[in-house]
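Hi,

Here is the structure I promised to pass on to you. Have a look at it first, and then read on for what turned up.

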Amino acid sequence: MTALSLKDLDISYGDTQITHKVSLDIAEGESFALVGESGSGKSTVLKAIAGLAPEWTGEICVLGKARGHGVDRGFSRICQMVFQDPYGSLHPRKTVDATLGEALTIHGIGDRSARVEEVMASVGLDRKFRFRFPHQLSGGQRQRVAIARALMLKPKILLLDEPTSALDVSVQAEILNLLKRLRREQNLTFLMVTHNLPVVSFLCDRLAVMRHGRIVEVAGVDELKRGDLKEPYSRELMQISAAHAS
Amino acid sequence: MRPLLEIENLRVTFPTARGDIDVVRGVSFTLGRERLGIVGESGSGKSMTGRSILKLVRAPGRATADKLAFDGIDLSTRSEKQMRAIRGARISMVMQDPKFSLNPVMTIGEQIAEALLTHKRLPRREVNDRVHAMLESVRITDPERVARLYPHEVSGGMGQRVMIAMMLIPEPDLLIADEPTSALDVSVQAQVLDIIDELVRRKGMGLIFISHDLNLVSSYCDRILVMNTGEVVEECRAGELMNATHPYTRGLIASIPRLDETRDELPVLDRSAWAKA
């Protein structure tokens, strides 16, 4: 079944049109990557899906249901987003417990304490962190909190916006392993934005290359591993990536 | 030939409520006119090492060294005023993020000119010519227009090139680049590093390139120091990084995913193994 489908999605910020006719189909349980340089519109696509960029035309369907332009609680339960910068995405004056519990309060879900502990355990955060503030945590721990927050409502789909680019390589490895395990255990669907092709190779099944707001190529990860991308721009990205991995 | 920079037993200490903490613990190295990379994770002390060369460690932090000599000058005995004559003119530093390191209320042209005029008195026309020439050498195609812009009007990649221009216009002998590209896109990263590389080679400068990215450092440097918890754990030629022997270095290399990744799980560093008691 299709978890997420975009049809002819045009997203604008004011008078500027950011994306042009973006169409994608992502199957349930699939891990899909959007790659491209800054300004290519890849993060904007995630924002539109999450409801943070409401000026769009076209169609966004999640698990067969079309998404409206406004805030949609039912939608929040199936689709959640993890942001790039764990230093900026957590409320500095809320404890981990408050951050994680907020979604439960909004949705009127009880059993708060047990659910917070359960999610913390699943992202590998020790119980002792529960009443700490973000500034008392390391970057990797904060990103675990951000992932835990996204998982509070037991969503089916996670939108990941460069989830590891602000982290050290060794911490990046921990978070990537965590995401891979969570996807397996909870049968999640991932849509990840990144400019790091090796990360795509580790975590994803398929990828779409974006440039100037358009998708220029969709390929399987095997083609990426073999270096078989067809578009000149995709090959350019691959070469830059290969040049630094000696 | 006399080395450009000699450091022996550098220590940087910060006082905390629970006693002093050493963030750099006895780092020693010498640098000629070459490209030296310092890699390590956050908190490994690599940036503090770079900053203490310019004596930019802020109080209450303290930097001490048995020897800290630049081109025969003993930096540890220099006063703040004497250091100002060295900073920029002889040793300069490219910071991580152009958004926070450029002055938001000065045009780009004025900022670059200021870097030059702090150390030299020059007629205005010559200053303008040199600013434009410098902007051209960092591959900004229309320097006259860009010189009139404010930092918020340019992209991150261009901002970083502006900062490089500003740092190189007084023609220093040593450039310290502290994560010069971490705030940039991959495609722009290579461009910025190529510019630094070309200018450093052409002017025969020394370069200290501080980064957490092992691959990047190994492709742009001659020699690499790997730092962990304030100490240099390994030193090697850039080309031999893949044969590194220290478990920490090996762990770092192994944890980077590859383009043709086949591992189901990435190895994770066991920090307890070499964390000092």
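**Between the two chains**

Between chain A and chain B, the count comes to one salt bridge. The partners are A:K180 and B:D264, whose closest N and O atoms are 3.6 Å apart. Please keep in mind as you read that this is a predicted model.

Polar contacts add to the picture: eight residue pairs, both members at pLDDT 80 or more, are in polar contact between chain A and chain B. On the chain A side, the elements that give two or more residues to the surface touching chain B are α6 (169–186), α7 (197–203), α8 (221–226) and α9 (232–244). Of these, α6(A) supplies the largest share, with ten residues. Sorted by class, that side of chain A has 14 nonpolar, nine polar and six charged residues.

As for the overall extent, chain A and chain B each bring 29 residues to the contact. The size of an interface is often given as the accessible area lost when the parts come together. Here the area buried between chain A and chain B is about 2400 Å², and carbon and sulfur atoms give 56% of it.

**One residue to look at**

If you want a place to zoom in, try A:N177, which lies in helix α6 of chain A. What does the side chain of A:N177 reach at 2.7 Å? It is the backbone oxygen of B:L266. Apart from neighbours within four places in sequence, A:N177 is in contact with A:F202 in its own chain and with B:E265, B:L266 and B:V268 across in chain B. A:N177 counts as buried, because its relative accessibility is 11%, under the 20% cut-off.

**Cysteines**

You may also wonder about disulfides. A disulfide is a covalent bond between the sulfur atoms of two cysteines. Over all chains, the count is zero. A:C61, for instance, is in no disulfide, and the nearest cysteine sulfur, that of A:C79, is 13 Å away. A:C61 is also buried, with a relative accessible area of 14%.

Why does B:C236 have no bond to B:C221? The sulfur of B:C221 is the closest cysteine sulfur to that of B:C236, but the two are 11 Å apart, so they are too far for a bond. Like A:C61, B:C236 is buried, in this case with a relative accessible area of 13%.

Happy to go through any of this with you.

Best wishes

Conventions
Residues are numbered from 1 along each chain as its sequence is written. Chains are lettered from A and ligands numbered from 1 in the order in which they are written. This is a predicted model: local features need pLDDT of at least 70, side-chain atom pairs count only at pLDDT 80 or more; totals for chains, interfaces and linings use all residues. Side-chain values use heavy atoms; hydrogens and water are left out. Contact means heavy atoms within 4.5 Å. Buried area is the accessible area (1.4 Å probe) that two parts lose on being put together, summed over both. A salt bridge is a side-chain nitrogen of Lys or Arg within 4 Å of a carboxyl oxygen of Asp or Glu. A polar contact is a pair of N or O atoms within 3.5 Å; within protein, one must be able to donate a hydrogen and the other to accept it, and residues adjacent in sequence count only if both atoms are side-chain atoms. Helices (H or I, at least four residues) and strands (E, at least two) are DSSP runs, numbered from the N terminus. Ala, Val, Leu, Ile, Met, Phe, Trp, Tyr, Cys and Pro count as nonpolar, Asp, Glu, Lys and Arg as charged, and the others, Gly among them, as polar. A disulfide is a pair of cysteine sulfur atoms within 2.5 Å. Buried means under 20% relative accessible area, exposed over 50%, partly exposed in between (1.4 Å probe, protein chains only).
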